Amino acid sequence: MAEVVSMDEIRATAARLDIDLSSLDLDSIRLPPGEDFGVISDDEDLKGEDPLEFDAGFGNIIVVDNLPVVPKEKFDKLEGVIRKIYSQIGVIKEDGLWMPVDPETQKTQGYCFIEYNTPQEAELAKEKTNGYKLDRSHIFAVNMFDDIEKFMKVPDEWATPETKPYTPGENLQKWLTDEKARDQFVIRAGTDTEVLWNDARQSKPELVYKRSYWTESFVQWSPLGTYLATVHRQGAAVWGGATTFNRLMRYAHPQVKLIDFSPGEKFLVTYSSHEPSNPRDTHRVVINIFDVRTGKVMRDFKGSADEFAIGGTGGVSGVSWPVFRWSGGRDDKYFARIGKNVISVYETETFTLIDKKSIKVENVMDFSWSPTDPILALFAPELGGGNQPARVSLVQIPSKEELRQKNLFSVSDCKMYWQSNGDYLAVKVDRYTKTKKSTYTGFELFRIKERDIPIEVLELENKNDKIISFAWEPKGHRFAVIHGDSPRPDVSFYSMRSGTNTGRVSKLSTIRGKQANALYWSPGGRFIILAGLKGFNGQLEFYNVDELETMATAEHFMATDVEWDPTGRYVVTSVTSVHEMENGFNVWSFNGKLLYRIMKDHFFQFLWRPRPPSFLSPEKEEEIAKNLKKYSKKYEAEDQDVSLQLSEQDREKRKMLKDEWERWVSEWKRLHEEQKLDRQMLRDGEASDEEEEYEAKEVEVEELLDVSEEVISFD
């Protein structure tokens, strides 16, 4: 330890050496490097702390060129215009906008620097405003500040660029070629996100890819299963592959909350809402439409939450989601949104309104696209106290020709359900009774593909039955309805064909008193699950609609979700973290056999990976179905091999358990032999352990517990 020296000793030493202490600058004294003369600095403990990290780059700064050159008196006005344009895209730092001024002329020099909070905001600003037309003479040229150095290094003479050899990327559809014809699914539990194969033959999933903190809120497959999207504070990202899941593209959109793919996966819609500075104002909404492959913003929409809150359900901050609904099919040609008294339909070639104007529909409340054709179904409620009836209209796009209209009277509510092939449209209409004290329900059934689009009216036997659920059979002509009063409503099945007459709706069957409040058709049709979720505690009935018979009944206690795999072979029921207990999922066969169960704490999401449509024609699919026995021989042999393998695994497991038992017995016998002398001593010298060599005797033992005396009077 260093010796402590008093101040008096220091003064005495200075006087002896003829040094004036008052003239010394002690702060200027520097010790030789690495030398402390045994004196430990008070700041020594700070050296062990992590060094501060500084952002050495300028990735959050953009340079905006081709601005107007203005004198000093117009400087504030120009700055206000620039700030208004660029603050809509992101948050500009304090003192983050700088316009250089020529010291000689005292005029601006025609460019400015803008510093954002994040590089993502700067990238987005460059993407959106490069080429922005302020007026005829001033079109913005926007570059990243980091790119200036690159521009300065451009050689004066052009040189032939180096040709790099083509390296093909991973086949994003490779997972469809799985030899076992398995399907993939993604789950989120805790901080982990996992992609797995559903290996039903082995009665367990097989891990494909796992990553912690992969997303900050949720994940979402694209409609054809090519991409997996993740959501982050800075924006969204898409990943693809069969096993590696590399990041393919990022989409800068700060504070993004919701995303939606177009049906053909060409475009990605992102949504965010931002709190207003004035509490009395509504949230500010930003919606971007990106090209999925290039990441370029094709069109953006901004406005208050009120502007996007008309029609639809779900969403956040009162905004209906999805705000934009895509036309049917995979060409992604049109998308539309609902506004006040208008439907705005855009085409994706220019991302502008068709014919540069919206479709005017007074008081329109809802709309939906045909799943396969560019046909809009619109609903407008009654007006003028019933003087102008409610109506459902079918409109062809892009011609905007009205194909069919149906007026509806005394309407309380209306919902539209398209069949997956676009062959039929069911309109559920709740109507007031004459007294207007109650309502009853009927269906208007449109046959879209038939001449003049005939409409048929369907009413239930008991018109006062409450409709709990409605669902079309995928690719089929049947539909199911849950109706009646809880807790045991009825389930009815109908067909749009009646015997040989294909133009009449007919009832197939009604099954009474079912604990069901949701319907889940198999993607291939024919089979349906009658599910009792939430208040019905996960009751499940697997029903064959072809035979009109129950295949199995089961229960998944507290189940919150039911989801069929894209082939219709398997179905998953899950309990998500809305419940604190029993989190996880069950995998069932289509006919109700439980194949395996996986428990996961803090379970948030289960999603099957969608499959693209088959390349087989309907005729080929029908031929395969007719000759299924011929094709099935190969797979039956494979199933038998797997069964034998599982049997062998079971035998090995039983042998292992038997060996373990025998080891335990052998150890017990060894200990028993070691303790023989102790047992002999406890038996007063009797050596035998065999119970039958002893004679059992009963011995009575009397014990005096208490004595008391009492004087008894003889009077």
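This tour moves through a predicted model, from the whole chain to a pocket, two sets of strands and one loop residue.

**The whole chain**

Begin with the entire chain in a cartoon display, where seven helices and 43 strands can be traced. Of its 715 residues, 39% count as buried. Contacts also link distant parts of the sequence: among those between residues at least 6 apart, 45% join residues at least 24 apart.

**The second largest pocket**

Next, select Gln120, Ala236, Arg250, Tyr251 and Ala252, which lie nearest the centre of the second largest pocket among its 24 lining residues. Helix H3 (119-129), strand S12 (235-240) and strand S13 (246-252) are the elements that each give two or more residues to this lining. The space in the pocket amounts to about 570 Å³. Colouring the lining by class will show eleven nonpolar, six polar and seven charged residues.

**The hairpin of S27 and S28**

Now select residues 411-418, strand S27, together with residues 424-432, strand S28. The two strands run antiparallel and are joined by seven bridges. Within this pairing, display Met416 and, opposite this residue in S28, Val427. Then turn to the five residues between the strands of the hairpin, where Gly422 takes a positive phi near 70 degrees.

**A sheet of four strands**

Move on to the open sheet whose strands follow the order S39-S40-S41-S42, with antiparallel pairing. Which strands form its edges? They are strand S39 (561-564) and strand S42 (594-599), each of which pairs on one side only. If direction is ignored, neighbouring strands of this sheet are turned by 15 degrees against each other on average.

Within the sheet, select strand S41 (residues 584-589) and its partner S42, which pair in the antiparallel sense over five bridges. One pair to display is Asn586 and its bridge partner in S42, Arg597. As a general point when side chains are switched on, those in a regular strand alternate between the two faces of the sheet.

**Arg504 in its loop**

Finally, select Arg504 in the loop between strand S33 (490-495) and strand S34 (506-511). Is Arg504 buried, partly exposed or exposed? Arg504 has a relative accessible area of 47%, and therefore counts as partly exposed. Leaving aside residues up to four places away in sequence, Arg504 touches Arg447, Glu456, Ser495, Met496, Arg497 and Ser498. For the last step, draw a line between the C-alpha atoms of Arg504 and Glu456: these residues are 48 apart in sequence and 7.9 Å apart in space.

Terms used:
Residues numbered from 1 in each chain as written. Predicted model: local features only at pLDDT ≥ 70, side-chain atom pairs only at ≥ 80, totals over all residues. Heavy atoms only, no water. 1 Å grid on protein atoms, 1.4 Å probe; cavity = no way out; pocket = protein on both sides within 12 Å on 5 of 7 lines; lining within 4 Å. Points joined across faces, edges and corners; volume = space filled by probe spheres on them. Nonpolar A, V, L, I, M, F, W, Y, C, P; charged D, E, K, R; others polar. Pairing = 2+ DSSP bridges. Axes fitted to C-alpha atoms, helices over the stretch in contact; angles between N-to-C directions. Buried < 20%, exposed > 50% of the residue type's maximum accessible area, 1.4 Å probe, protein only. Contact = heavy atoms within 4.5 Å.
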